[in-house]
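This report deals with charged side chains, their pairing and their exposure. The model is shown first.

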Amino acid sequence: SLFILCAMYKRGIVQVWSLEQPDWHCKIDEGSAGLVASCWSPDGRHILNTTEFHLRITVWSLCTKSVSYIKYPKACQQGVAFTKDGRYMAVAERRDCKDFVSIFVCSDWQLLRHFDTETQDLFGIEWAPNGCVLAVWDTCLEYKILLYSLDGRLLSTYRAYEWSLGIKSIAWSPSSQFLAIGSYDEKVRILNHVTWKKITEFEHPATIANTKTIVYKEVEKSPSVETERLSFPPPRALASSLFSTQSKYDVSQVPVSLQYIKPAADRANPKMGIGMLAFSPDNCFLATKNDNIPNAVWIWDIQKLKLFVVLEQLCAIQSFQWDPRQPRLAVCTGNSKVYFWSPAGCVSVQVPGEGDFQIVSLSWHASGDSMVLLSKENFCVCYLEREEV
Amino acid sequence: MGDWKTITVPVLSSDSKNIFQYTSDKKISSPSMNSQVLRLPLPSSKSMHSFFSAFCTEENIEQSISYLNRELTTLGFPSIYAESKGKELNLISIINCMNELLVLQHKNLRAQEEVEMQHLKLGSDMDHLQNCYAKLKEQLELSKREIVGLQERDRQLQSKNRNLHQLLKNEKDEVQKLQNIISSRATQYNHDMKRKEREYNKLKERLHQLVMNKKDRKIAMEVLNYVGRADGKRGAWRTDKTEARNEEEMYKVLLSDYEQRQKQLLVENAELKKVLQQMKKDIISLLPPQKQKPKERSEDGPVLSDLEEDIGELNKENMWELSCETVREQLTNSIRKQWRMLKNHVEKLDNQVSRVHSGALNDKDVISREDHEMETEKLELEIQQCKEMIKTQQQLLQQQLMSPCDDDTTLLLQDCYLLEERERLQEEWRLFQEQKKNFEKERRSFTEAAIRLGLERKAFEEDRGTWLKQQFLSMSTDYKHSENVTTPSAFLGSSEQDNRLVKSTSQQRKPHCVLSSSVSAEPCQTSHYTTRNSSSVASKKPAGDDSKPNRWVESDKEETE
């Protein structure tokens, strides 16, 4: 990728900069149409802008003068999905109170398929990594997930239960073998790609009793301060280390009871259920977060279909992401530490810096050697050293 | 005897009353008798005495005796009077009667005691039974009360149960109702949502129109220069062809994905089939040979034949790749059968083991521990013995092979061997001698033949000489032909010679042949003679006549040939 896109939603302007040619510039002004979302196309030459009120999606091309419009896009969380190889794009649409999905060929933006879905109110769409199956799921009022083939045929429907709040998040396994569905009943159900039927469900109880599960608990360790060496004003490094507390992981003995929060029942979008799901790139592990137990990351062994590790943090989990190359999970909890877990163990890393650096999200580099840690106003690039061979 | 009676009645009446009372009381009832007995102890001696004296006094002896007599006779006793009607008393009979009466009295007393005992026993039994009866009555009361209590509880529980059922039903009804409410509310909400959405869409459309109508110059893209496509190709127009191509590409993608999946599944399938085959083989090898158990044979006979067929069929390579239903089913069914058999076998073994542990020795298949141990001991002993035997034998063998001739036995043995050898040698010597003799004989005959041959040759030579002379003479006298009539006489003189000469003349025509044939006949004859003892003669042939080496050589050759 050789371009950087900057979108200012409030002003409705998108600016593009080139890495190769600093002189080159591009500015897209949506004007009164407004701008709600903007993203690149997989080939890096088209920009998809979603106008305000989701009136339409404009496809601006950087290589031709053509502009394409996609009408009636659906105003939902994940309305646009690209296949992994970047060939096809699926767009969720809603016309006349009915949901549709359109599949476009990214090379020439030709409409390939257009079909309606049996959803009440489509909530999200996601391609399988092999690019042949599209998962479409309904709003949380209905537990329903539909699986469509690339050519628009309905392959299967899955409903776990009725009436209670339904699907909160889904994740495909990298080999497209499994589809993990996290729902509001604190369970993850895994479907297999052959029959599209549930093969197992993972529960997230507040008490972990299985002796084969390893529970890592983050504990603070108080820093050793040598009072004699204190001087005024304290040097920067020492100051930061004084104020920030070191932490390390301890292995807790099973049974362990985790902090369970029951959300207020009269509020919408309750903080319950499985809010985050992610498969490791080697298809061996699944990391989940139960919003009822916000301080814990659950890591499941997919080969054995059992709970493998639970990471209990001191603060609520903000986000986690797997290393794109190996089964290494990076977790951030809103403090200035980033936590890593791998089958070899886990470690807590203090981000050096002055003041408060509250990491709210992180993102790995594709090579798995570095990552970006983001706070509200700052970001930090973290490099991971490879083991000396 | 009315007078006597009237006299004695007042006295007796009291006594008789007593007596009668006594006896009648006896008949009435035993308890009263008991009481009577208790109440009326046997009268003391004094009273008895008075009692007895009351009956008979000095005045009424006669009456009392007669009375006694009457009583006794009525009771079956003999009369106490003497035989005559006189008033003499038979003392013996009196004494007998008394004795009898005493005996009777004892008997009666004994009977009375027995009856009293029985009475007591019965009384105690009665008490006991009464107590039991009372207790049982109490128990019966208690249990009745309990039953009533339990029944009451049962009734309460049943009513509770009914209440709970009712509650459950109510709850279920409520749940159903709530669900219905929810669904109706949901449809209502959906409807409302749709309505609002339509309104919203209308607004959006209106807005869109407004936005588009404004022809906002602002909605534009400023670009310095257009960038090339990512893949370097030029953009193409969208045509039907491209549409078709896109469709094609999409289907290709789908197909390739399906093919890949199918390949993976095939590979997995093949592996699993292999594993199943392996498992089947292992199970078959683990199972005991079925031939030993005849009763199971009938069951497993067809199974075995099936198995063999299966093995035969499914071991073929091509069968593995077939994934049709029948083949799959065959394999899985056969594996299931095998597994069941193995399970049964293992269960049987488990049972056997458990039985052995519990000590049951009835089963013939099971060898008890002691027997087993005994057998092993026996076998060990046998092994020991065999080992010892082997050792001794080995020792003996070694001695045999390596020991010097010190022992008598070995000497004897050696002597035996020598004797054997000597005998053998003697036999050979004998043979040798015989052969030698034969050779001698032959040699002699040979030499004789040679001598004869020489003589014959001489004779022949002489004859030849004479015949030549004759011939010459005849040739010369042919000129004087008429005068050589006497010559035939010369010829006739020796008939033998004539014959020979005739022979020779007849044979003269072929001088070579005659000579050779005649001469060769003889050595041939001799050679024939000598060929009888061919080998030895050949070796022992004398250098022979050098005069005819050729022919000897020929004969030799003939012989050797």
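A residue is called buried when its relative accessible area is under 20%, exposed when it is over 50%, and partly exposed in between. The model discussed here is predicted.

**Helix α10 of chain B**

Of the 34 residues of α10(B), the number buried by this cut-off is 0, so the helix lies largely in the open. Its length can be checked as well: at 1.5 Å a residue, α10(B) should span 50 Å, and its end C-alpha atoms are 49 Å apart, which agrees. The helix covers residues 369–402 of chain B and includes Glu380(B). Glu380(B) belongs to a surface patch of negative charge, together with Glu370(B), Asp371(B), Glu373(B), Glu375(B) and Glu377(B).

**Salt bridges**

Side chains of opposite charge can pair when their charged atoms come close. Over all chains, a search of the whole structure finds 27 salt bridges. The table gives three of them, with the separation of the nitrogen and oxygen atoms.

| Basic residue | Acidic residue | N to O distance |
|---|---|---|
| Arg113(A) | Glu247(B) | 2.7 Å |
| Arg159(A) | Glu142(A) | 2.8 Å |
| Lys248(A) | Asp250(A) | 3.6 Å |

The salt bridge between Arg113(A) and Glu247(B) crosses between chains, running from strand β11 (residues 110–116) of chain A to helix α6 (residues 240–286) of chain B. How buried or exposed are its two partners, Arg113(A) and Glu247(B)? Arg113(A) has a relative accessible area of 16% and is therefore buried. Glu247(B), at 24% relative accessibility, counts as partly exposed.

The salt bridge of Arg159(A) with Glu142(A) links distant parts of the chain, the two residues being 17 residues apart. Arg159(A) is in the loop between β15 (154–158) and β16 (167–172) of chain A. Glu142(A) is in the loop between β13 (133–138) and β14 (145–149) of chain A. With a relative accessibility of 37%, Arg159(A) counts as partly exposed.

In the salt bridge of Asp250(A) with Lys248(A), Asp250(A) has 32% relative accessibility and so counts as partly exposed. Lys248(A) is also partly exposed, its relative accessible area being 34%. Elsewhere, salt bridges that share partners form one network, which joins Lys74(A), Arg94(A), Asp99(A) and Asp121(A) with Glu197(B).

Conventions
Residues are numbered from 1 along each chain as its sequence is written. Chains are lettered from A and ligands numbered from 1 in the order in which they are written. This is a predicted model: local features need pLDDT of at least 70, side-chain atom pairs count only at pLDDT 80 or more; totals for chains, interfaces and linings use all residues. Side-chain values use heavy atoms; hydrogens and water are left out. Patches are made of residues with over 30% relative accessible area and no salt bridge: like charges are joined within 9 Å, nonpolar side chains (Val, Leu, Ile, Met, Phe, Trp, Tyr) within 5 Å. Accessible areas come from the Shrake-Rupley method with a 1.4 Å probe; for residues, only the protein chains shown count as cover. A salt bridge is a side-chain nitrogen of Lys or Arg within 4 Å of a carboxyl oxygen of Asp or Glu. Lys and Arg count as positive and Asp and Glu as negative; His and the chain ends are not counted. The place of a charge is taken as NZ of Lys, CZ of Arg, CG of Asp or CD of Glu. Helices (H or I, at least four residues) and strands (E, at least two) are DSSP runs, numbered from the N terminus. The expected span of a helix is 1.5 Å times one less than its number of residues. Buried means under 20% relative accessible area, exposed over 50%, partly exposed in between (1.4 Å probe, protein chains only).
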